[in-house]
Each structure stands twice: as C-alpha cells, then as structure tokens.
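Student: Hey, I've just opened this one and don't know my way around yet. Can we go through it together?
Tutor: Sure, ask away.

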Amino acid sequence: NDGAVFDSPVIVRYINRASGGKLLPRNAAKLLEAERLEAIADGICDCAIACIYEQRQRPAELIYQGWIDKQWKKVTQALDLLESQGPKLPAKIHAGHIALASSLAYLGIRFPGWEKGRPKLKRYVAKFRDKQPELAGLLPRLPQYKDRAVSRPAPSPVAMGRLPRYDQNLSPAPMRTPFSVSLASVPPPTS
C-alpha cells in the first residue's frame with residue numbers, strides 16, 4: 001500500500017521497519033558493520049552488472065574493454081579486501097551478511113572462478129547455505145529445469161581473453177582472466 005519500494009538500501013530499511021528491527025542491529029558499531037558489508041556487496045554487484053551490460057547492450061565493435069577491466073578490477077579489489085578480513089557469519093545475521101551471500105552467489109552464476117584464491121569467501125557462501133537454509137533458497141542460482149541446471153555454453157572466439165558475451169538465456173560462458181584484449185581504438189562510452 002506504500003507504493004513501490006526499490007533499490008537495495010531502501011528495501012533493507014523498509015523490511016527492517018516492517019519486521020520490527022530484526023534485519024539491522026541497534027548497536028551503533030554492529031550497524032556500521034552491517035551497512036559496510038551491504039555497501040561492499042552492492043558495489044560488487046553494480047560493477048559486475050556493468051561488465052555484463054557493456055557486452056550485452058553494445059554492438060561487438062563498440063565494446064570498450066578498458067571499461068570492463070576497470071569495473072572488474074573494482075570487483076576483485078572488494079573481494080580481496082573481504083578475503084583479507086575473513087567475514088564472520090554469526091548465529092544472528094544481519095542485512096550485510098545476506099547482501100554479501102547474495103552478491104557472492106550472483107558472481108558464482110555470472111563469473112564462475114571468482115572464488116579462486118579466496119577460500120574464506122568460498123567457505124562463507126557454503127556456511128551461509130548450511131546455517132541459513134530458509135534464506136539459502138533465495139540466493140541467486142542457475143535456473144533448474146526437470147532436475148537439471150541450465151548448462152553453460154562453451155566460450156566463443158569473441159570471448160577469448162576477456163569477459164564473455166552472454167547468451168540471452170542467462171547462462172554465462174566461463175570467465176577468462178586476466179583481460180588481455182585491448183580495444184584501445186574504440187572510444188570510451190559517453191553518458
């Protein structure tokens with residue numbers, strides 16, 4: 001009845017109010033931790049989606065590899081920061097824990113291999129699924145059809161050396177890193 005609620009931070013605060021404050025801690029230090037994790041998770045998804053949109057929405061000859069590289073670097077820096085800090089998953093979770101698990105699950109679909117060299121984050125996702133089964137079912141995952149997952153297509157020659165172009169059926173090709181294809185002759189996108 002309140003109209004549309006959109007954008008992750010607004011949705012979280014709305015659910016927190018509707019639940020009587022169960023999603024965000026009241027303690028100032030714990031609230032800051034929750035908001036920080038939520039912001040990092042949102043940033044990871046924003047940059048990952050920018051990589052995908054650059055390849056899905058632009059003609060192949062206009063894809064700007066420098067933009068993709070810049071966005072992916074932000075993702076890896078955030079992942080490396082989280083890995084170095086080893087995020088904890090306490091018995092009582094907050095919105096930041098949910099946001100982080102969601103963003104890592106999303107990366108698992110779109111960018112398989114992100115967890116290489118990040119065992120703490122890989123364990124975090126597995127622990128979240130085990131400790132929060134009622135929420136684990138809500139995490140992003142590949143669609144299932146008649147007891148089988150949608151298969152990932154083989155990489156195309158277009159995808160060699162950079163993030164792959166994605167099919168419309170939401171199945172990504174395996175990610176290739178480091179990004180080595182330079183499209184320096186293509187001008188950067190203008191807003």
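Student: Let's start with one residue: is L139 buried or exposed?
Tutor: L139 counts as buried, at 3% relative accessibility. Keep in mind that this is a predicted model.

Student: Where does L139 sit in the chain?
Tutor: L139 is in the loop between helix 6, residues 133-136, and strand 1, residues 144-145.

Student: And which residues does L139 touch, apart from those up to four places away in sequence?
Tutor: With those set aside, L139 touches A101, S102, A105, F128 and R129. You can also look at S103: its C-alpha atom and that of L139 are separated by 8.6 Å, while the two residues are 36 apart along the chain.

Student: OK, stepping back. How many helices and strands are there in the chain?
Tutor: Six helices and two strands. Going from the N terminus, the order is α-α-α-α-α-α-β-β.

Student: How much of the chain is buried?
Tutor: Of its 191 residues, 38% are buried. As for the surface, the chain has an accessible area of about 11,200 Å², and carbon and sulfur atoms account for 57% of that.

Student: What share of the contacts join residues at least 24 apart?
Tutor: That's 62%, counting contacts between residues at least 6 apart in sequence.

Student: Now the inside. Which residues touch the most other members of the largest nonpolar core?
Tutor: Those are I44, V75, L79, L104 and L107, in a core of 30 residues. At least two residues of this core come from each of helix 2 (28-57), helix 3 (65-85), helix 4 (95-110) and helix 5 (119-131). Helix 2 gives the most, with eight residues.

Student: Why would nonpolar side chains be gathered like that?
Tutor: As a general point, nonpolar side chains in soluble globular proteins tend to be buried together.

Student: Back to I44, then. What does I44 touch beyond residues up to four places away?
Tutor: I44 touches V75, A78, L79, L82, S103 and L107. There's also a second, separate core of five residues, and V12, L23, L24 and A34 are among them.

Student: Switching topic: how many disulfides are there?
Tutor: The count comes to zero.

Student: Why don't C47 and C51 make one?
Tutor: Because their sulfurs are 7.3 Å apart, which is too far for a bond. A disulfide needs the two cysteine sulfur atoms within 2.5 Å. Looking from C51, the closest cysteine sulfur is the one in C47.

Student: Are those cysteines buried or exposed?
Tutor: C47 counts as buried because its relative accessibility is 11%, and C51 is buried too, with a relative accessible area of 1%. The cut-off for buried is under 20%.

Student: What about helix 1 and helix 2, at what angle do they pack?
Tutor: Helix 1, residues 8-18, packs with helix 2 at an angle of about 145°, and their axes are 11 Å apart. Their crossing is right-handed.

Student: Which residues make that contact?
Tutor: S8, P9, V12 and R13 from helix 1, and E35, E38 and D42 from helix 2.

Student: And A39, where is that found?
Tutor: A39 is in helix 2. Its C-alpha atom and that of P9 are separated by 8.4 Å, with the two residues 30 apart along the chain.

Student: How accessible is A39?
Tutor: A39 has 48% relative accessibility, so A39 counts as partly exposed.

Student: What's the deal with phi of D7?
Tutor: Phi of D7 is near 80°, a positive value in a residue other than glycine. D7 lies in the segment before helix 1.

Student: Last one: which element holds K127?
Tutor: K127 lies in helix 5. At 44% relative accessibility, K127 counts as partly exposed. Leaving aside neighbours within four places in sequence, K127 is in contact with L89 and Q132.

Student: And how far is K127 from A101 in space?
Tutor: They are 9.6 Å apart, C-alpha to C-alpha, and 26 residues apart in sequence.

Key:
Residues numbered from 1 in each chain as written. Predicted model: local features only at pLDDT ≥ 70, side-chain atom pairs only at ≥ 80, totals over all residues. Heavy atoms only, no water. Helix = DSSP H or I, 4+ residues; strand = E, 2+ residues; numbered from the N terminus. Buried < 20%, exposed > 50% of the residue type's maximum accessible area, 1.4 Å probe, protein only. Contact = heavy atoms within 4.5 Å. Areas by Shrake-Rupley, 256 points an atom, 1.4 Å probe, with all protein chains shown as cover. Core = buried A, V, L, I, M, F, W, Y, C linked by side-chain atoms within 4.5 Å. Axes fitted to C-alpha atoms, helices over the stretch in contact; angles between N-to-C directions. Left-handed = near helix turned anticlockwise from the far one by under 90°.
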